[in-house]
Amino acid sequence: MRRIAALAAAFALLASAPAVGAPATGPDGNEASREPADLRAFLAGLRPDAAARGVTEATFDAAFRGMTAPDASVLARTRKQGEFSRPVWDYLVGAVTPARIARGRARGSALAPTLRAIEARYGVPIPVILAIWGIESDFGASAGTVPTVRALLTLAMARHRGDLFRSELLDALRILQQGDITPGGMSGSWAGAMGQVQFLPSTYLAHAVDFDGDGHRNIWGSEADALASIAAYLKDLGWNPALSWGYEVTLPPGFDLARYAGDLADFHGRGVRRTDGIPLPASGRGSLFLPGGSVGPVFLLTDNFEVIRGYNTSDSYALAVGHLADRLGGGPALSAPWPIGAPRLDSEGIKGVQRGLAARNLYQGEADGRAGPKLREAVRRYQIQQNLPADGYASPSLLTHLRAQDGAAR
């Protein structure tokens, strides 16, 4: 109870503190800063680094005027990211809905001339651009209302992910210095991702474009700039216009999952077929992805899937973008059902798999409870070693197998 009371008192003091940059009156009647000492120290250390990046005193002061930190709601969100913590199929159900498909097609029709011009310039298909726009901000309708500088200040002071957000905060100040947006207009998500495209400030500086030609790269209010910035980013990441992101496929009986990567033509020769009946391309590389194990849908991914993961590293996100793009382009729903209700590992279980594979020198990195390409490859190597079906899926049975092997070795 004493700890709860102390926390309540701390937040009360924080709430009563004047906004950043606002003067306060001290006991002697003179103006004196009553900002929290850690906030004052942080801004004092930030100011010279901002100046070194060309940010003026006026821009710096305007950016932080009217704010206090930390923002407890932002810090709470650092523990919740749906695309990493939910099963792939749960994420897809929420991301690729009939309503979103209908809205995306309507927005695509309304913006058809602009989208055609963007596709012609950057080589990224219109449905892919629309899919990312739809998932990131519901086609611009839900771009986020959290003040970007406030969010980044909170994360930077908390040293969430080390110095990443301090660097992003400095980049946000550079954007304000350039005059593309005002502090009041710079808003987005709790994590500092901005506007209709949810770019972090560093991504904005490197990849945002002024497609409507008004002299500003406006990913907040200009649909043309937002859509073109998505396409420009994907092009910069290496999008191949000759290929899709991937395909839902069927595998023939007895297919050797240990040979999960290779030429698309080789997959065709081994009996892999697209579920929509369209032949696989004659050239290009692919790799199999079984996000629900051998009982769920099977996908043959191209290098463009990794390009989408450059936008957001979650497998669930990239798969949702790819499938939504297919649906927006008139493609069918997935053919195979998801293993809804089947036993699956939670975050702690995935950590157990990561630790077990790390002990065998098959997995490198932190046991963070997140499934992704690195874990998938490690699982496959273990499965191949143990003569198990190499689906790359971290399942409860795989964790049981690892623990049984550990017990037998004792």
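**Exercise 1.** Identify the salt bridge that R150 and D71 form, and place both residues in the chain.

*Solution.* The side chains of R150 and D71 meet in a salt bridge, with 3.1 Å from N to O; the term denotes a side-chain nitrogen of Lys or Arg within 4 Å of a carboxyl oxygen of Asp or Glu. Next, the positions: R150 belongs to helix α10 (residues 148–157), whereas D71 is in the loop between α3 and α4 (72–77), so the pair ties together parts that are 79 residues apart in sequence. Helices (H or I, at least four residues) and strands (E, at least two) are DSSP runs, numbered from the N terminus. Finally, D71 has a relative accessible area of 13% and is buried. Buried means under 20% relative accessible area, exposed over 50%, and partly exposed in between (1.4 Å probe, protein chains only).

The model is predicted: local features need pLDDT of at least 70, side-chain atom pairs count only at pLDDT 80 or more, and totals for chains, interfaces and linings use all residues. Residues are numbered from 1 along each chain as its sequence is written, and side-chain values use heavy atoms, with hydrogens and water left out.

**Exercise 2.** Describe the salt bridge between D406 and R360, including the accessibility of each residue.

*Solution.* The N to O distance in this salt bridge is 2.6 Å. D406 lies in helix α19 (residues 396–409) and R360 in the loop between α17 (347–359) and α18 (373–385), so parts 46 residues apart in sequence are tied together. As to accessibility, D406 counts as partly exposed at 29%, and R360 counts as partly exposed at 23%. A further group, E306, R309, D315 and R376, is joined into one network by salt bridges that share partners.

**Exercise 3.** State how many salt bridges the model holds, then examine the one between D61 and R47.

*Solution.* The count comes to 19 salt bridges. In the D61 and R47 bridge, the N to O distance is 3.0 Å. This pair links distant parts of the chain, 14 residues apart: D61 in helix α3 (residues 57–64) and R47 in helix α2 (residues 37–52). D61 is partly exposed at 30% relative accessibility, and R47 is partly exposed at 27%.

**Exercise 4.** Determine which strands pair with β6.

*Solution.* Two strands pair if DSSP finds at least two bridges between them. Strand β4 (residues 261–263) runs antiparallel to β6 (residues 285–289), joined by 3 bridges; here the bridge partner of G262 is G286 in β6. Strand β7 (residues 298–301) also pairs with β6 in the antiparallel sense, over 3 bridges. In that pairing, L288 stands opposite L300 in β7.
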